[in-house]
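User: I would like to go through this model term by term, asking each time what a label rests on. Please set each value against its cut-off before you conclude.

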Amino acid sequence: MQADQADKECALELDAHPYRIQQIRRIVSAQLRYWRLDPLIDAASLGISELLANVHRHAKPDKHCSVRLSHSAGRLTVAVADKDPRLPKLAPMEPMATAGRGLAMVEAVSDSWGTDLLPDDEGKIVWFVLRTPVPRPKLVPLRTAVAFEPPRERVAVAASAVSAVPVA
């Protein structure tokens, strides 16, 4: 499949440690600004934080993962791949729970989300999609009002040469 010129992609490799999550949020924010997707920064940052926190808490055998952002056809897809083949589960939220709300938050801020197993038990990919806001067209008035200023009259000044002739 041939990529459209509007298709954009960015990928990062990292170990999902708490101090790295904030760095990745800043990188993702900068990339979305570069792509002029500023309205998606908050939702994408929240979602990526939750997915990376899940890798940190649950992924085995290690915390190495990759983050991929791709923008195409009016959608931003954020995906995190790790080496743990166990799929995450969306658990019912307990009102007083202090943990276990990550996927519920991803579900709440995204248009869709899901998981894919990698072949040969190599791990999984957890992803979410954010719809790109449709830019509002700029309204241009049909007729621009221009203040009418009458042209200034030009006054022709005749120059005359007066010679000073002494009178005797």
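User: What makes Glu9 and Arg68 a salt bridge?

Analyst: The closest N and O atoms of Glu9 and Arg68 are 3.5 Å apart, and a salt bridge is defined as a side-chain nitrogen of Lys or Arg within 4 Å of a carboxyl oxygen of Asp or Glu, so the pair meets the definition. Glu9 lies in strand E1 (residues 8–15) and Arg68 in strand E2 (residues 64–72), so the bridge ties together parts that are 59 residues apart in sequence. A search of the whole structure finds five salt bridges.

User: On what footing do these values stand?

Analyst: This is a predicted model, in which local features need pLDDT of at least 70 and side-chain atom pairs count only at pLDDT 80 or more, while totals for chains, interfaces and linings use all residues. Residues are numbered from 1 along each chain as its sequence is written, and side-chain values use heavy atoms, with hydrogens and water left out.

User: What is the pLDDT average of the chain, and where does pLDDT stay under 50?

Analyst: The pLDDT (the predictor's confidence in each residue, from 0 to 100) averages 83 over the chain, and 77% of the residues score at least 70. Over residues 1–5 it stays under 50, and the model has zero contacts beyond four places in sequence for them, a contact being heavy atoms within 4.5 Å. Where pLDDT is low, the predicted coordinates should not be read in detail.

User: How are the helices and strands assigned, and in what pattern do they follow one another?

Analyst: Helices (H or I, at least four residues) and strands (E, at least two) are DSSP runs, numbered from the N terminus. The chain has three helices and five strands, and read along the sequence the pattern is β-α-α-β-β-α-β-β. Of the contacts with a separation of 6 or more, 61% are between residues 24 or more positions apart.

User: Why is Glu9 called exposed and Arg68 partly exposed?

Analyst: Buried means under 20% relative accessible area, exposed over 50%, and partly exposed in between (1.4 Å probe, protein chains only). Glu9 has 54% relative accessibility and therefore counts as exposed, whereas Arg68, at 40%, counts as partly exposed. By the same cut-offs, 30% of the 168 residues of the chain count as buried.

User: Which label does each partner of the bridge between Arg86 and Asp84 receive, buried or partly exposed?

Analyst: The side chains of Arg86 and Asp84 meet at 2.6 Å, N to O, in a salt bridge. Asp84 has a relative accessible area of 4% and is therefore buried, while Arg86, at 48% relative accessibility, counts as partly exposed.

User: What does the bridge between Asp111 and Arg131 tie together?

Analyst: The closest N and O atoms of Asp111 and Arg131 are 3.5 Å apart in this salt bridge. Asp111 lies in the loop between helix H3 (102–109) and strand E4 (112–117) and Arg131 in strand E5 (residues 124–131), so the pair ties together parts that are 20 residues apart in sequence. Asp111 is partly exposed, with a relative accessible area of 40%.

User: Which residues of H3 are buried, and what covers them?

Analyst: Gly102, Leu103, Ala104 and Val106 of H3 are buried, and their cover includes helix H2 (41–58), E4 and E5.

User: What makes the peptide bond between Lys60 and Pro61 and the phi values of Arg36 and Ala73 worth a remark?

Analyst: Most residues other than glycine have a negative phi, and most peptide bonds are trans. The bond joining Lys60 and Pro61 is cis, with omega about 15 degrees, and Pro61 has its place in the loop between H2 and E2. Phi of Arg36 is near 65 degrees, a positive value in a residue other than glycine, and phi of Ala73 is likewise positive, near 50 degrees. Arg36 is found in the loop between H1 and H2 and is exposed, with a relative accessible area of 74%. Ala73 sits in the loop between E2 and E3 and is exposed at 75%.
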